[in-house]
Amino acid sequence: MDAALAERLRGLELRLLDPAVRASAAELERLLDPAFVEFGVSGGRFERADLLAALPAAAPAGYRACGFEAERLAPGLAQLRYHPVHTREGVLVQARRSSLWRLGPDGWRLLFHQGTAFTDDAALC
């Protein structure tokens with residue numbers, strides 16, 4: 001994958017972790033594909049409408065993210081893998097995340113996202 005596309009997708013993913021973007025249904029609508037589905041760290045399955053309703057009302061979390069890897073899977077479809085870290089109620093939460101981004105008429109939008117929580121002695125980021 002070319003470096004410019006990898007950096008573009010990294011930037012879009014970081015926008016989704018930004019508390020101001022997460023608090024804005026309009027921003028989320030621009031970033032989430034109409035067919036968006038997520039398998040969350042909690043094990044739950046969430047669709048676009050679920051996130052549009054829940055995220056703007058959720059308490060903000062300060063995420064750090066590192067270890068970005070991008071791969072083009074097909075024309076107009078790319079995968080981004082990375083490690084976000086944040087603190088929830090004083091507990092460090094780490095996960096491995098995978099996102100599928102699809103290119104459409106409105107640009108790159110998040111089609112699918114999966115998070116898998118894990119514990120480790122040291123934070124990745």
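**Helix α1 and residue A49**

Biologist: On the other side of α1 from its buried residues, are A3 and A4 partly exposed or exposed?

Modeller: This is a predicted model, in which local features need pLDDT of at least 70, side-chain atom pairs count only at pLDDT 80 or more, and totals for chains, interfaces and linings use all residues. Residues are numbered from 1 along each chain as its sequence is written, and side-chain values use heavy atoms, with hydrogens and water left out. Buried is under 20% relative accessible area, exposed over 50%, and partly exposed in between (1.4 Å probe, protein chains only). On the other side of α1, A3 and A4 are exposed.

Biologist: Which residues of α1 are buried?

Modeller: A helix here is a DSSP run of H or I with at least four residues, numbered from the N terminus. The buried residues of α1 are L5, L9, L12, E13, L16 and L17.

Biologist: Why do these lie on the same side of α1?

Modeller: The arc is taken from the directions from the helix axis to the C-beta atoms. The buried residues share a side of α1 because they cover an arc of only 150°.

Biologist: What distance does α1 reach from its first C-alpha to its last?

Modeller: The expected span is 1.5 Å times one less than the number of residues. For the 15 residues of α1 (residues 3-17), the expected value is 21 Å. The model comes close to that, with a reach of 21 Å.

Biologist: Is A49 buried or exposed?

Modeller: A49 belongs to helix α4 (residues 48-54). Its relative accessibility is 57%, so A49 counts as exposed.

Technical notes. Helices (H or I, at least four residues) and strands (E, at least two) are DSSP runs, numbered from the N terminus.
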